[in-house]
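Biologist: I have a protein model open and would like to learn how its parts fit together. Could you take my questions one by one?

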Amino acid sequence: MKPSQYKRLKHHLICLLLLGGISPAFARASDTDSLIVASDLVRVKNIVDLHVKPDGSEFAYAVRGIVADTTKYAGFRYETIWYVNNTASTGKADPQKVEQKFTQILYSPDGRRWAVGKGSDKRSQLFLFPSDGREPQQLTKLEQGLGTVRFSPDGSKVLLSSSFTLGELVKSKDFNPAGQVPAWSTEKPADSYNASLLAGPAQEDRDGGLAEIIAYLKHDEQQGIAKVTNKLQFQTENSTTGEIHFTHWYILDLAANTAPVPLTQGFRSYSGAEFLGNNKVLLSVETENDLHPDRVTSTDLVLFDLSTKKKQVILGDSIHRFQVAAISASGKWVAVNRGRQNSLTVGELFIYDTQNWKGNRLAVDRSLSNIRFSADEKSVYFIASDRGGRTINRADVKTGDIRALSSVEEGIGDYWVNGQEAFYTKTTFANPSELYRADADFKNSTVITAINSGWLSGKNIGLAQKSSFRNEKGLEVDYWLLKPANYQTDKRYPLLVEIHGGPASMFGPADASMWHEYQYFRARGYAVLFSNPRGSSGYGESFLKANFKDWGPGPSRDVLKAVDLSLATGVVDSAQLFITGGSYGAYLTTWILAHDSRFCAASSQRGVYDLHVFFGSANVWPMLKRYFDGFPWEKGMRDALLAQSPTTYAEKIKTPLLIFHGEQDNRTGPVQSDFLYKQLKYLGRDTEYVRHPGADHEITRSGDVGQRLDQLLRTYEFFERYRH
C-alpha cells in the first residue's frame, strides 16, 4: 500500500471511530455498553431556530450538528440544516430538508414562505420560497449582503439590514449620498476633520512623495502585511481590527416589485428596526453626539413615518440602551428593553401604549428574552432565565400579572404560540434539544422531533438532583449533584466540581453546552457537582451584584459549601476531589486552589488569573469597571485588583493543575495562562499547559470539534493520573 493510500485509509477509520461507526479505541466501555462515550459529542444536535406559519399549518426549524470533514486529519465541521414540516402530520413525520444554501426560513404575516440564502453573488439575499414546489425566486441583490429581515403586519413590505465598514459607508451612494464624513473624530492622530477619509487615489510608491507612500501603506493593510487601528475596542473574539462597522436598513415594497430603498442614513449604527403598523417604523439607533461609536453607551428609539419621512425620538436619555423587543399586530402595544451598558443589572422590560407612549415596567427580577405579544394583544409572552432553568411566561398587558407556563427544571428555547397551540424547543438533563408541540398554555406537550432521542434511547443517562442552601448573605444558592453511572450505595466515588464562567451565567437544566461533559464523566465513574454561586444570573439583581468587588472569597465559599454538603450525602470519597472551570470558572478554580488544598487535581480553561493585566489582554476589559468600579491606573485600583488575582497567591497553589488556552482567544487573552503557567512551573509545581492553535474563547461550546474532544480527553486523562 502506498503511503498516501495508507494515510487516507487511516483518516477514514479515525472519522468512523469518532462518529461512532466503530467503537472508539479510547472508550473503556464495550460496543454494547450504553454509557456516554467521548465520541458521542459528535452525535449531539441542537435546534437553533424555529419559525411557524401564521395559521399554524407549517413550521420550519434549523438543526445544528457535526459531520465528518475528510479534508483534514480527524476533522469535523458544523452543519446547520433547515427543515419544513406540515403541522397536520401526526407523530414524528419526516420533514422536508431544505437546500443548504438557505440559512433561514421565514414566514411573512400574510402566510408566504421566504428564505435567506446565498445569491448569485455568494452573499446572503432574500428569496421568495413558494410552498407549492416552484423554485425559490431571488428578490434582492444587496451589495453588502443581507442581515436581518422584518415584515410589515400585512406582509406588503419588508425591512432588510446590511453591514458597512466606515470606508464603505463613506463611499455608499445609498446611505451617504452627500459623500460626507463623520462629525465625530475617528481618533486618528493629526487627522483634522477626518480628511484622510476623503483622500483621492494616488499611485503607490514606497520611494515617492507622501501621497504615494500613504497609498503604498494602505495597500500593505489590504494585503495583510499590517493592521492599523485607532479604535479603543480593537480586539474581536479571535483577532484584531481597526474597522468600524455600521448597520443600516433598506425597505422593500413587495407589492410594487421595485428595488430596495435606503431607509436610514448617517454615521450611526441602527441595531434594530420593526414595523409599527404598516406605515411606520421604530428604529433603535446609537445616540447622536460628538463621540466615537466605541464610546457611545446609549441608544435612542426613533419613530419614522414612511408617508411623511418625519423622524421623532420617542425614548432616549443618553444613559440607557432602548431596544424594541416586540410589537403587537395592530401596533397598539410595544415591548421595549431598557438596559445600561456595562452595568450589573438584569435589564428592564416596559410595555408602552403607542397612543400616548406611556409605559409600565413588567415586575420581573430576571433577564428576559424572546418577547412576543399574543394574537389577541391581551398578553405578552417571554422567556426568563430562572434558577438554572429557562421558563416560558405570560403577562397580562394591562395588569402586569404574570403566570409561569413551564418549570425551572427545563430550558425553553425558541417558541411560537397562538390562541390554540404552541411549538417550542426544550433542553433537559435527559435530552439536550428537541422540538415540542403543546396547547396554548404549553401543557399536554408532545415531542415532534427525534434529533437526539433516537440515539439516546439506548443510552444510560443520569439526571442531576437539585439542592440548595443559604449563604452568609442570606442568598439561596442552588447546586446539583449527578451520581456516577451504576451507582452503589455502599461505595464512595470521585467528585468532579464544575464551575461556570461569566460570572453572570448559570448552570442547570437549561444549559445544553455542558450536557455531554457531565454525562461523560458520570460514565467514567465520577460524581459531578455544579452550582450557581453568588454573582450568577437567573436569581435576580441582588444575587447578580453579590460578587461586586468580590470575585474570589465569597463565590468560593458558596462552591465549597456545595462540596461539603455533597460529601455529607455519602456519595463522594473525600480523598478524591477534582475541580475544573472555564473563563471566570477557571479564575475561581485557581482562587480555590490557592486557598484550599483538598483537591487531588484541577483543570482550568481559558481563564483570567491576573486582573491587573486583564485590562490589556481582554476584549471584555469594561468588566473591570462593572465589577471593581475602576481601572488599573486609578487610585487604589492596582492593589484592589492584585488582591483579587489568583496569580498573587500562586506560591500557595500546590494542587496539580492542567491549564488550557486557545491561541486566538481575545475574550481573556492567552497571556493570562502564560503568566500563571510560568509562575507555577518556576515554583516547581505539577502543572501542564495546553495551547490550542487557532482556538478562541468558544472552544468548548462551538470550537473545532477535534480540539473539543482533545480538551475533554486530556482533562479526563490528567485527573486519572491522580485518581486512586
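Modeller: Start with a definition: two strands pair if DSSP finds at least two bridges between them. Keep in mind that this model is predicted.

Biologist: Over how many bridges do strand β11 and β12 pair?

Modeller: Strand β11 covers residues 245-253. One point where the two strands meet is Ile-251, which stands opposite Val-261 in β12. The pairing of β11 and β12 is antiparallel, and it runs over 2 bridges.

Biologist: Which strands stand at the edges of the open sheet of 4 strands?

Modeller: The strand order is β9-β10-β11-β12, with antiparallel pairing. Two strands have a single partner each, so one side of each is left without a neighbour in the sheet. Those edge strands are β9 (149-151) and β12 (261-262).

Biologist: Another open sheet has 8 strands. What is its average twist from one strand to the next?

Modeller: The order here is β29-β30-β32-β31-β33-β34-β35-β36, and the pairing is mixed. β29 (465-470) and β36 (687-692) are the edge strands, each pairing on one side only. From one strand to the next, the twist averages 20°.

Biologist: Which residue takes a positive phi in the hairpin of β29 and β30?

Modeller: β29 and β30 are antiparallel and share 6 bridges. Gln-465, for one, has Leu-481 in β30 as its bridge partner. Between the strands lie 5 residues. The positive phi, near 85°, belongs to Gly-474.

Biologist: Do strands β31 and β33 run parallel or antiparallel?

Modeller: β31 spans residues 493-499 and β33 spans residues 572-582. Val-497 stands opposite Ile-579 in β33. The two strands are joined by 6 bridges, and their direction is parallel.

Biologist: At about what angle does helix α7 run to β33?

Modeller: Helix α5 (residues 515-523) also packs on this sheet, touching β30, β31, β32 and β33. Its direction makes about 150° with that of β32. Helix α7 (residues 553-567) lies across β29, β30, β31, β32 and β33. Its angle to β33 is about 150°.

Biologist: Which helix gives the largest share of the largest nonpolar core?

Modeller: That core has 91 residues, and Leu-495, Val-497 and Phe-521 have the most contacts inside it. Leu-495 touches residues beyond its sequence neighbours, including Leu-481, Val-528, Val-563 and Phe-578. The largest share, 8 residues, comes from helix α8 (residues 584-595).

Biologist: How many residues are in the other core, the one with Leu-106?

Modeller: This core lies apart from the largest one. Its members include Leu-126, Val-170 and Phe-246 as well as Leu-106. Its residue count is 23.

Biologist: Is Ser-406 buried or exposed?

Modeller: Ser-406 sits in the loop between β24 (402-404) and β25 (411-417). Its side chain reaches the backbone nitrogen of Ile-392 at 2.9 Å. Under 20% relative accessible area counts as buried. Ser-406 has 16%, so the verdict is buried.

Biologist: How far apart are the end C-alpha atoms of helix α14?

Modeller: Asp-704 is at the start of α14, where its side-chain oxygen comes within 3.0 Å of the backbone nitrogen of Gly-706. The helix has 18 residues (705-722). At 1.5 Å a residue it should span 26 Å, which agrees with the distance in the model: 27 Å.

Conventions
Residues are numbered from 1 along each chain as its sequence is written. This is a predicted model: local features need pLDDT of at least 70, side-chain atom pairs count only at pLDDT 80 or more; totals for chains, interfaces and linings use all residues. Side-chain values use heavy atoms; hydrogens and water are left out. A nonpolar core is a set of buried Ala, Val, Leu, Ile, Met, Phe, Trp, Tyr and Cys residues joined through side-chain atoms within 4.5 Å. Buried means under 20% relative accessible area, exposed over 50%, partly exposed in between (1.4 Å probe, protein chains only). Contact means heavy atoms within 4.5 Å. The expected span of a helix is 1.5 Å times one less than its number of residues. A polar contact is a pair of N or O atoms within 3.5 Å; within protein, one must be able to donate a hydrogen and the other to accept it, and residues adjacent in sequence count only if both atoms are side-chain atoms. Axes are lines fitted to C-alpha atoms, for helices over the stretch in contact, and angles run from 0 to 180 degrees between N-to-C directions. Lists of a residue's contacts leave out its neighbours within four places in sequence.
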